[in-house]
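Colleague: Hey, I've just opened this one and I don't know my way around it yet. Can you walk me through it?

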Amino acid sequence: MIEACLTFDVDAESPVLAEGARHARNLGVMSHQAYGPLVGVPRILDLLREYHLPATFFVPGFTADRYPQTVEAILAAGHEVGHHSYAHRSPLAQSEEEERADFARALETLRRLGAEVEGFRCPSWEPGWRTPQIVAEHGLLYDSSLMDADRPYLLDTGAGEIVELPVHWALDDWEQYAYLPDPPFRSPIESPAKVLDLWTSELDAMRRYDCLFVLTCHPFLSGRPHRVEVLRRLIEHALAAGDVAFRRCRDVARRARADADTERRALAPVAVDPAVYPERP
Ligand SMILES: [Zn+2]
């Protein structure tokens, strides 16, 4: 039996605004992003209800402030709400002070709406080496942003231990569907058959190799009708296999922490000799 997490990053307008405040004036692109909370999330909640499946929604604080009813609907349906920064800016583009302030603001925003936040997913999967420490310092249980494994592991951050629930670009709908002319998000708009084949192939291989299957979808992308049908067929494929347990991320993280056999790792920052790797602009 393997564990599978259906995760939804409710980015809405935030990743576009992180590319520049000027995009707020573009009603067209704002409407494209608003589709997530307005249409995608309700449709995905219906799908999950139909199959009695739990899921995890990572919500930026900016989304939560703009669409508090979306967070309330997710919580009312029994799903987990996780931390996905406030402004959806990459930690690499922020000073430590800025990153810490953004992190604390998001946590406060989600808690005000009633979310018991236990996990973090870094925007754009671009954490800095200090990011896991910030997660640990705030007492969160887990992170889901790294790609150096495909099973849960315990990560010693130097400021406390957290569980890592690894992800991968191959199980992210952004690379399949995220097309915008400006900002230039230039993923192709793939056919549902191709995406279904990609994701079921990975699921079946992960069943063989006893991995954790973490699917990352964005409601503004995967909430569209033919893409919800990809999710439906993936779910039906997994349920028919009979050895896939759908769980919220927090439940996988708790089980991993309680399991004496879970691998332990420590952060090992990459030190660079400028004589070998000079800085390039
Ligand atoms: Zn995101």
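Modeller: Sure. Let's start in helix α2, residues 27-51: Asp-46 and Arg-49 are both there, 3 residues apart, which means about one helical turn separates them. Keep in mind that this is a predicted model.

Colleague: OK, and what do Asp-46 and Arg-49 form, and how far apart are the closest N and O atoms?

Modeller: A salt bridge, with 2.7 Å between the closest N and O atoms of Asp-46 and Arg-49. Asp-46 has a relative accessibility of 44%, so it counts as partly exposed.

Colleague: How many salt bridges does the count come to?

Modeller: The count is 24 salt bridges. Another one is between the side chains of Glu-118 and Arg-250, also listed at 2.7 Å from N to O. That pair ties together distant parts of the chain, 132 residues apart: Glu-118 is in the loop between α5 (96-112) and β4 (119-120), and Arg-250 is in helix α11 (residues 249-258).

Colleague: Are Glu-118 and Arg-250 buried or exposed?

Modeller: Glu-118 is buried at 16% relative accessible area, and Arg-250 is buried too, at 9%. The cut-off for buried is under 20%.

Colleague: Got another pair that links distant parts of the chain?

Modeller: Yes, Arg-207 and Asp-243 form a salt bridge, with their closest N and O atoms 2.8 Å apart. Arg-207 belongs to helix α8 (residues 192-209), while Asp-243 is 36 residues away in the loop between α10 (225-241) and β11 (244-246). Arg-207 is partly exposed, at 27% relative accessibility, and so is Asp-243, at 23%.

Colleague: Which residues do salt bridges with shared partners join into one network?

Modeller: Glu-118, Arg-248, Arg-250, Asp-251 and Arg-254 make up that network. So the Glu-118 and Arg-250 pair we just talked about is part of it, and those two are buried.

Colleague: Switching topic. Which protein residues are donors of the zinc ion?

Modeller: Asp-11 gives two OD donors, and His-84 and His-88 each give their NE2. These donors lie 2.1 to 2.5 Å from the zinc ion. Along the chain their spacing reads D-x72-H-x3-H.

Colleague: What's the geometry of the zinc site like?

Modeller: Irregular: the angles among the 4 donor atoms run from 55 to 143°. To count as tetrahedral, all the angles would have to lie between 85 and 135 degrees. The ideal angle for four tetrahedral donors is 109.5 degrees.

Colleague: And the two histidines, are they buried or exposed?

Modeller: Buried. His-84 has a relative accessible area of 2%, and His-88 comes in at 6%.

Colleague: Let's zoom out. How many helices and strands are in the chain?

Modeller: The chain has 11 helices and 12 strands. Its radius of gyration is 18 Å, close to the 19 Å the globule rule gives for 281 residues, so the chain is as compact as a globular protein of that length. The C-alpha trace spans about 50 × 50 × 40 Å along its principal axes.

Colleague: How much of the chain counts as buried?

Modeller: 52% of the 281 residues. The chain exposes about 12,800 Å², and carbon and sulfur atoms supply 51% of that area.

Colleague: Last one: what share of the contacts join residues at least 24 apart?

Modeller: 71%, taken among contacts between residues at least 6 apart in sequence.

Notes
Residues numbered from 1 in each chain as written. Predicted model: local features only at pLDDT ≥ 70, side-chain atom pairs only at ≥ 80, totals over all residues. Heavy atoms only, no water. Donors = N, O, S within 2.8 Å, 3.2 Å for Na, K, Ca; no water. Tetrahedral: all angles 85-135°; square planar, octahedral: opposite > 155°, others 65-115°. Buried < 20%, exposed > 50% of the residue type's maximum accessible area, 1.4 Å probe, protein only. Helix = DSSP H or I, 4+ residues; strand = E, 2+ residues; numbered from the N terminus. Rg over C-alpha atoms; globule rule 2.2 N^0.38 Å. Contact = heavy atoms within 4.5 Å. Areas by Shrake-Rupley, 256 points an atom, 1.4 Å probe, with all protein chains shown as cover. Salt bridge = Lys/Arg side-chain N within 4 Å of Asp/Glu carboxyl O.
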